[in-house]
Amino acid sequence: MRLKSDIVVSALVRRVFALGGYAAVLHKGAEDAGAIFIRQRSRLGTETLYAPAPQSFFEEPSPNRLFEIRLEGVEPDVVDETITREIRFDADCWVVEIEVEERGDLFDIVGEKDV
């Protein structure tokens, strides 16, 4: 059983602030099972967008939310366009913005060790 989306988002925001970073919910989605997109801003002015990993990436269902890197090191306008399309496709999705230098273990990325 997976945690509800609102709990995952709330925990992410709190952890980012605890690390001395900044986090905000840009779009609130469905509380129970809305897809979560994470927009990471860097101090260089570029952004990385993490999206829910397709279920086909793993053999067995995972209780944790797994993400893939959808865009990396791109201009903010590119991320804006992608997020706008995602919201049009699925208005129940969540969009969280974070500003931290290192993502660390804030969330799991498909293909990284220990996932």
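Is Tyr 22 buried, partly exposed or exposed? In this predicted model, Tyr 22 is partly exposed, with a relative accessible area of 38%. The legends below begin with the whole chain and then turn to single regions.

**Figure 1. The protein chain holds two helices and six strands.** Read from the N terminus, the elements follow the order α-β-β-β-β-α-β-β. Of the 115 residues in the protein chain, 38% are buried. Among contacts with a separation of 6 or more, 67% join residues that are 24 or more positions apart.

**Figure 2. The six strands make an open sheet with mixed pairing.** The order of the strands across the sheet is 1-5-2-3-4-6. Strand 1 (22–27) and strand 6 (108–109) are at the edges, and each has a single partner strand, so one side of each lacks a neighbour in the sheet. Helix 2 (residues 76–89) lies across strand 1, strand 2 (36–41), strand 3, strand 4 and strand 5 (94–99). Relative to strand 4, helix 2 runs at about 140°.

**Figure 3. Strand 4 pairs with strand 3 in antiparallel fashion and with strand 6 in parallel fashion.** Strand 3 covers residues 47–52 and strand 4 covers residues 66–74, and five bridges join them. Leu 49 has Leu 71 of strand 4 as its bridge partner. Ala 51 stands opposite Glu 68, which is also in strand 4. Two bridges join strand 4 to strand 6. Here Phe 67 stands opposite Ile 109 of strand 6.

**Figure 4. Ala 24 is a residue of strand 1.** Ala 24 counts as buried because its relative accessibility is 16%, under the 20% limit. Apart from neighbours within four places in sequence, Ala 24 is in contact with Val 95, Val 96 and Glu 97. Ala 24 and Glu 99 are 75 residues apart along the chain, and their C-alpha atoms are separated by 9.2 Å.

**Figure 5. Phe 17 and Tyr 22 form an edge-to-face aromatic pair.** A search of the whole structure finds three aromatic pairs, and this is one of them. A pair of aromatic rings is described by the distance of the centres and the angle of the planes. For Phe 17 and Tyr 22 the values are 6.1 Å centre to centre and 80° between the planes. Phe 17 counts as partly exposed at 45% relative accessibility, and Tyr 22 is partly exposed at 38%.

**Figure 6. Phe 67 and Phe 107 form an edge-to-face aromatic pair.** The ring centres are 5.3 Å apart, with 65° between the planes. Phe 67 belongs to strand 4 and Phe 107 to the loop between strand 5 and strand 6, so the pair ties together parts that are 40 residues apart in sequence. Phe 67 and Phe 107 are buried. Ring pairs link Tyr 50 with Phe 67 and Phe 107 into a cluster. Arg 103 lies over the face of Phe 107, 5.2 Å from the ring centre.

**Figure 7. The largest nonpolar core has 16 residues.** In soluble globular proteins, nonpolar side chains tend to be buried together. Ile 38, Ile 98 and Phe 107 have the most contacts inside this core. Helix 1 (5–18), strand 2 and strand 5 each supply at least two of its residues. Helix 1 gives the most, with four residues. Leaving out residues up to four places away in sequence, Phe 107 touches Leu 12, Ile 38, Tyr 50, Phe 67 and Ile 98.

**Figure 8. A second, separate core has nine residues.** Among them are Phe 37, Ala 51, Leu 71 and Cys 93. Two of these residues also appear in the strand pairing: Ala 51 stands opposite Glu 68, and Leu 71 is the bridge partner of Leu 49.

**Figure 9. Asn 64 sits in the loop between strand 3 and strand 4.** At 43% relative accessibility, Asn 64 counts as partly exposed. Asn 64 and Arg 2 are 62 residues apart in sequence, and the distance between them in space is 6.5 Å, C-alpha to C-alpha.

Notes. Residues are numbered from 1 along each chain as its sequence is written. This is a predicted model: local features need pLDDT of at least 70, side-chain atom pairs count only at pLDDT 80 or more; totals for chains, interfaces and linings use all residues. Side-chain values use heavy atoms; hydrogens and water are left out. Two strands pair if DSSP finds at least two bridges between them. Contact means heavy atoms within 4.5 Å. Axes are lines fitted to C-alpha atoms, for helices over the stretch in contact, and angles run from 0 to 180 degrees between N-to-C directions. Rings of Phe, Tyr and Trp (its six-membered ring) pair if their centres lie within 6.5 Å; planes under 30 degrees apart count as stacked, over 60 as edge-to-face and the rest as tilted. Buried means under 20% relative accessible area, exposed over 50%, partly exposed in between (1.4 Å probe, protein chains only). A charge sits over a ring if NZ of Lys or CZ of Arg is within 6 Å of the ring centre and within 35 degrees of the ring normal. A nonpolar core is a set of buried Ala, Val, Leu, Ile, Met, Phe, Trp, Tyr and Cys residues joined through side-chain atoms within 4.5 Å.
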